[in-house]
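Biologist: I'd love a close look at one part of this model, the salt bridges and the polar contacts beside them. Could you walk me through that part?

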Amino acid sequence: MRILVLHGPNLNLLGRREPSIYGSTTLADINSALEQQADAIGIALETFQTNAEHALLERIHNAAADGFDGILINPAAWTHTSVALRDALAACGLPLVEVHLSQPSARESFRHVSLVADLAAGRVEGFGADSYRLGLEGLVAVVRAAADRASE
């Protein structure tokens, strides 16, 4: 199994960006923990962060052709603003789980709407860096269940 982990804009600033909201864990820390988790459960993982929306869209467009089985994504601010992101995720056809470090539904009103939530098998928010760990567990379960159904 191959999982693509996508990090949206400003997540490269984790650890120093608004630590009262996002914590002190860096993106490198999160990626390292995810890689250890993936190794422990026997899956391959690739991570990608960008502040350029077009680069994220292109990575999503190529995900299925590149052999990925699912996407774990923190769309960050694009969660609430990017129809293009939503359309790319819908078009790629891979199962996905949406994650957020903070709890957008408990923050400013403009953060309450996720344009990708209806595409996601699940959404994990508000658990800080653990949101990624929990999201990966959920995504792996979804991908494995789909594979089991396909083999029956």
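Modeller: Happy to; here is a tour of the charged pairs, going from strands to a helix. Please keep in mind that this is a predicted model. The structure holds eight salt bridges. One of them joins Arg 123 to Glu 98, with 3.0 Å between the closest N and O atoms. This pair ties together distant parts of the chain, since Arg 123 sits in strand 5 and Glu 98 in strand 4, 25 residues apart. How exposed are the two partners? Arg 123 is partly exposed at 31% relative accessibility, while Glu 98 is buried, with a relative accessible area of 0%.

Strand 5 (122–125) is also one border of the loop that holds Ser 105, the other being strand 4 (96–100). The side chain of Ser 105 makes a polar contact of 2.8 Å with the side chain of Glu 125. These two residues are 20 apart in sequence, and their C-alpha atoms lie 8.8 Å apart. Ser 105 is partly exposed, at 38% relative accessible area.

Now to helix 5 (residues 130–151), where Arg 133 has two acidic partners to meet. Asp 130 forms a salt bridge with Arg 133 at 3.5 Å between the closest N and O atoms. Because they are three residues apart in helix 5, about one helical turn separates them. Arg 133 also meets Glu 137 in a salt bridge, 3.2 Å from N to O, and four residues in helix 5 again amount to about one helical turn. Asp 130 is partly exposed at 39%, as are Arg 133 at 34% and Glu 137 at 43%.

Finally, a network of salt bridges links Arg 2, Glu 46, Arg 59 and Asp 66.

Conventions
Residues are numbered from 1 along each chain as its sequence is written. This is a predicted model: local features need pLDDT of at least 70, side-chain atom pairs count only at pLDDT 80 or more; totals for chains, interfaces and linings use all residues. Side-chain values use heavy atoms; hydrogens and water are left out. Buried means under 20% relative accessible area, exposed over 50%, partly exposed in between (1.4 Å probe, protein chains only). A polar contact is a pair of N or O atoms within 3.5 Å; within protein, one must be able to donate a hydrogen and the other to accept it, and residues adjacent in sequence count only if both atoms are side-chain atoms. A salt bridge is a side-chain nitrogen of Lys or Arg within 4 Å of a carboxyl oxygen of Asp or Glu.
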